[in-house]
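Thanks for sharing this one. Here are my notes, in numbered points, to read with the structure open beside them.

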Amino acid sequence: MYDRRVVRGNTYAQHIIPTTSQPDPAETHRQQEIRRRAMARKRAIEQFKPRTPEALQGRKHIDVQTDLYLEELSDVVVATDIECQTDAFLDRPATPLFIPAKSGKDVQTQIEEGELFDFDMEVQPVLEVLVGKTIEQSLLEVMEEEELASLRAQQRAFEELRNAELAEVQRLQEQERRHSEEKERRTAQQKEVLKKEKETAEKIAARAYTQKYLAELLPAVFTSLRSHGYFYDPVEKDIETNFFPWLMSEVNNSLEKRFTARQLLDTIVYHVVQNRLELFKDQQS
């Protein structure tokens with residue numbers, strides 16, 4: 001089958017002059033962007049779509065029917081060969097070019113030499129324009145080259161001035177850095193001197209306080225040591241450690257003997273009194 005269309009009007013341009021319409025770049029870019037977004041959306045959907053996890057080692061996945069009624073599945077597809085005879089089809093001949101019918105009348109006229117165009121006269125303004133444009137373009141190019149040369153000279157002068165300023169800035173920065181380092185060094189030295197002076201003053205104050213404290217501490221220490229028995233007289237120490245214990249033990253022994261004799265005397269007196277009392281009671285009875 002061939003595509004046959006009904007076209008209104010003159011069809012000469014459709015057969016003779018091919019219509020080559022250039023596509024709009026914006027429309028083409030928009031279509032490509034739409035296709036790209038659709039493909040990206042499809043890839044995203046496939047990426048986030050839940051999938052069956054991979055099978056464990058030594059196992060594999062198989063297809064299982066989940067329908068209500070099970071059907072027998074077979075790898076062999078039943079096929080049947082059928083033949084059909086058709087008539088021979090002749091190719092359509094090429095469409096002949098459309099040639100419109102001739103209309104109007106043919107006329108002619110005679111033109112003599114020099115009536116329409118005189119080259120020497122007609123070429124003069126063209127040459128003037130060409131020469132003028134060439135000279136003007138040359139002048140513009142020369143002026144442009146001079147302007148470029150002037151700009152390059154200004155650029156070189158500016159670069160020289162900038163380099164000089166950068167060198168001066170670097171020199172000032174280096175000078176400022178040296179001044180800062182010298183200031184920090186002097187400050188550190190002054191801090192070290194003040195620290196040493198402070199330490200010296202603290203040592204002097206500590207030494208004076210120590211001497212004053214020791215001057216009061218030594219007598220008190222010696223007195224305390226003497227009172228605790230670290231410094232003693234040998235005779236006094238011998239009396240306290242040997243004589244006084246012996247004396248106390250002798251006194252205790254003497255007192256114990258007295259107490260024993262008194263208890264014995266009391267017992268004898270008690271027994272005598274009891275005996276006399278009993279004798280007195282016997283005499284009274």
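1. Let me begin with Arg186, which is exposed in this predicted model, its relative accessibility being 52%. The cut-off for exposed is over 50%, so Arg186 passes it at 52%. Its salt-bridge partner is Glu182, with the closest N and O atoms 2.9 Å apart. Glu182 and Arg186 are 4 residues apart in helix α3, so about one helical turn separates them.

2. Salt bridges that share partners also join Glu33, Arg36 and Arg37 into one network. It is worth picking out these three residues together when you look at the model, since the shared partners are what link them.

3. Back to Glu182, which has a relative accessibility of 29% and counts as partly exposed. Partly exposed covers the range between 20% and 50%, so Glu182 at 29% falls inside it. Glu182 also forms a salt bridge with Arg185, and here the closest N and O atoms are 2.3 Å apart. These two are 3 residues apart in helix α3, so they too are separated by about one helical turn. Arg185 is partly exposed, at 40% relative accessibility.

4. Another pair in helix α3 is Glu168 and Arg171, which lie 3 residues apart, about one turn of the helix. Their side chains meet in a salt bridge of 2.3 Å, N to O. How accessible are the two partners, Glu168 and Arg171? Glu168 is partly exposed at 34%, and Arg171 is partly exposed at 45%.

5. For the overall count, the structure holds 9 salt bridges. As general background, side chains of opposite charge can pair when their charged atoms come close. The bridges I have described include Glu168 with Arg171, Glu182 with Arg185 and Glu182 with Arg186.

6. Which residues gather in a patch of negative charge on the surface? They are Glu141, Glu144, Glu145, Glu146 and Glu147. Glu146 has its place in helix α3. With a relative accessible area of 52%, Glu146 is exposed; the threshold is over 50%, so Glu146 qualifies.

7. Now to the aromatic residues: the structure holds 3 aromatic pairs. One of them is Phe243 with Phe244, a tilted pair with 6.0 Å centre to centre and 45° between the planes. Phe243 and Trp246 are also paired, with ring centres 6.1 Å apart and planes at 35°, so this pair is tilted as well. The tilted class takes in angles from 30 to 60 degrees, which is why 35° is placed there. Phe243 and Trp246 are 3 residues apart in helix α4 (residues 234-284), so about one helical turn lies between them.

8. Phe243, Phe244 and Trp246 form one aromatic cluster. Are its members buried or exposed, taking Phe243, Phe244 and Trp246 in turn? Phe243 counts as partly exposed at 40% relative accessibility. Phe244 is partly exposed, with a relative accessible area of 42%. Trp246 is partly exposed too, its relative accessible area being 47%.

9. The aromatic cluster is also worth viewing with its nonpolar neighbours in mind. Phe243, Phe244 and Trp246 belong to a nonpolar patch on the surface, together with Val235, Ile239, Leu247, Val251 and Leu255. The accessible area of this patch is about 720 Å² altogether. Val251 is found in helix α4 and counts as partly exposed, at 36% relative accessibility. Patch members need over 30% relative accessible area, so Val251 at 36% meets that requirement.

10. A last point concerns Gly114, found in the loop between α2 (25-48) and α3 (119-227). Gly114 is exposed, with a relative accessible area of 55%, and the cut-off of over 50% is why that word applies to Gly114. What separates the C-alpha atoms of Gly114 and Leu264? They are 150 residues apart along the chain, and the distance between these C-alpha atoms is 196 Å.

Notes. Residues numbered from 1 in each chain as written. Predicted model: local features only at pLDDT ≥ 70, side-chain atom pairs only at ≥ 80, totals over all residues. Heavy atoms only, no water. Buried < 20%, exposed > 50% of the residue type's maximum accessible area, 1.4 Å probe, protein only. Patch = residues over 30% accessible without salt bridge, like charges linked within 9 Å, V, L, I, M, F, W, Y side chains within 5 Å. Areas by Shrake-Rupley, 256 points an atom, 1.4 Å probe, with all protein chains shown as cover. Salt bridge = Lys/Arg side-chain N within 4 Å of Asp/Glu carboxyl O. Lys, Arg positive; Asp, Glu negative; His and termini not counted. Charge placed at Lys NZ, Arg CZ, Asp CG, Glu CD. Phe/Tyr/Trp six-rings, centres within 6.5 Å; stacked < 30°, edge-to-face > 60°.
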